[in-house]
Amino acid sequence: MTDFAVQVQNLSKHFGSFHAVDGISFEVERGEIFGFLGPNGAGKSTTIRMLCGLLSPTSGSGQVAGLDIVTQSEAIKTRIGYMSQKFSLYDDLSVEENIQFYAGIYGVPARKYAERKKWILHMAGLEGREQSLTRDLSMGWKQRLALGTAIVHEPEILFLDEPTSGVDPVSRRQFWELIHEVAAGGVTVFVTTHFMDEAEHCQRLALIYKGKMVALGTPRELKLDFAGNSLADISVKPILKALELLIDHDLVIDAALFGTDLHVVVAEQAHGEPLMQMLADNGCEVSHLEWITPSLEDVFVGLIEREDRMGASV
């Protein structure tokens with residue numbers, strides 16, 4: 001048996017002239033929490049639909065649980081769980097009826113159903129609310145119930161497509177605790193997200209932008225690669241004028257707005273002083289400069305802006 005739960009080689013999906021996914025390759029180890037990170041429209045959902053056997057690729061290949069995504073898509077569906085950002089629950093059914101429905105869809109044996117229902121109700125915190133209509137549940141409860149129905153058949157691999165969209169921060173944190181519990185039981189978790197704090201929970205990350213893979217590694221590796229340069233947090237006014245000046249400066253590798261400050265990447269911290277002098281000479285008032293450790297958001301923004309600049313120069 002292969003050590004990889006998912007393998008993708010030069011996978012592409014085109015809709016006419018639009019390349020939603022453009023020749024991406026990666027592998028996901030068994031039992032791993034793998035994050036697929038990118039802005040809206042980057043190609044995350046299209047990729048996950050191909051991996052789940054819901055959409056045929058234009059070219060390239062992929063294997064999920066050792067099965068080919070093109071020729072064995074129906075078999076793949078029995079080995080995976082899938083939870084979309086819309087939760088896939090039926091609002092006019094009760095909690096128990098939703099569990100029963102998905103247990104039937106996934107072919108859970110009758111002898112196993114009672115045990116799985118009990119586990120889901122406990123996991124979701126819905127014990128005693130079995131007869132409540134799903135439409136009456138809070139978003140956090142719906143989210144946990146949707147997770148339960150996605151894994152009612154105890155799949156090898158769980159695909160989560162932006163599962164926390166529209167959910168409050170407390171519910172998001174609780175949901176990630178559940179994800180770690182599921183992964184600790186040996187399930188491979190493949191999750192798409194555009195939330196930077198969620199990306200920190202993943203063991204490895206792939207960053208996709210405009211259909212292309214632009215980075216792959218652990219959160220620590222991605223930060224260390226970025227930290228090969230020095231990152232400064234600068235408070236300056238007027239901020240937009242300062243940003244334009246810094247972007248065009250030879251000593252600056254990258255610069256971007258970050259809240260009310262600028263984050264500026266240079267090759268060496270020694271470059272900070274001439275940059276401050278340049279800003280002052282051009283009528284900008286710098287009130288604060290601090291050298292900081294990059295966050296995943298810095299990495300994310302930096303890589304995307306680099307791709308945009310490279311695209312514009314072609």
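The following paragraphs lead through the structure from the whole chain to its two sheets and the helices that pack on them.

The model is predicted. Its protein chain contains 11 helices and 14 strands. Taken along the principal axes, the C-alpha atoms fill a box of roughly 75 × 45 × 35 Å. The chain has 314 residues, of which 49% count as buried. Where contacts join residues at least 6 apart in sequence, 70% of them link residues at least 24 apart.

The surface may be described next. The protein chain exposes about 15,000 Å², and carbon and sulfur atoms supply 51% of that area. Its side chains include 27 positive and 43 negative ones, with the centres of the two sets 8 Å apart.

Strands of a sheet pair through backbone hydrogen bonds, in either a parallel or an antiparallel manner. One sheet of this model is open and has six strands, in the order 6-7-8-3-9-10, with mixed pairing. Strand 6 (80-83) and strand 10 (212-217) are its edge strands, each pairing on one side only. Neighbouring strands in this sheet are turned against each other by 15° on average, direction ignored. Within the sheet, strand 7 (residues 157-161) and strand 8 (residues 188-193) run parallel and are joined by five bridges. Phe159 has Phe190 of strand 8 as its bridge partner. Helix 6 (residues 169-184) packs on this sheet, where it touches strand 3 (33-37), strand 6, strand 7 and strand 8. The direction of helix 6 makes about 135° with that of strand 3.

Another open sheet is made of four strands in the order 12-13-11-14, and its pairing is antiparallel. Strand 12 (252-258) and strand 14 (285-292) each have a single partner strand, so one side of each is left without a neighbour in the sheet. From one strand to the next, the twist averages 25°. Strand 11 (residues 230-237) runs antiparallel to strand 14, and seven bridges join the two. Among the residues involved, Asp233 has Glu290 in strand 14 as its bridge partner.

Two helices accompany these strands. Helix 9 (residues 239-247) lies across strand 11, strand 12 and strand 13 (261-266), and runs at about 160° to strand 12. Helix 10 (residues 272-281) packs on the sheet and touches strand 11, strand 12, strand 13 and strand 14. The direction of helix 10 makes about 160° with that of strand 14.

How values were computed. Residues are numbered from 1 along each chain as its sequence is written. This is a predicted model: local features need pLDDT of at least 70, side-chain atom pairs count only at pLDDT 80 or more; totals for chains, interfaces and linings use all residues. Side-chain values use heavy atoms; hydrogens and water are left out. Buried means under 20% relative accessible area, exposed over 50%, partly exposed in between (1.4 Å probe, protein chains only). Contact means heavy atoms within 4.5 Å. Accessible areas come from the Shrake-Rupley method with a 1.4 Å probe; for residues, only the protein chains shown count as cover. Lys and Arg count as positive and Asp and Glu as negative; His and the chain ends are not counted. The place of a charge is taken as NZ of Lys, CZ of Arg, CG of Asp or CD of Glu. Two strands pair if DSSP finds at least two bridges between them. Axes are lines fitted to C-alpha atoms, for helices over the stretch in contact, and angles run from 0 to 180 degrees between N-to-C directions.
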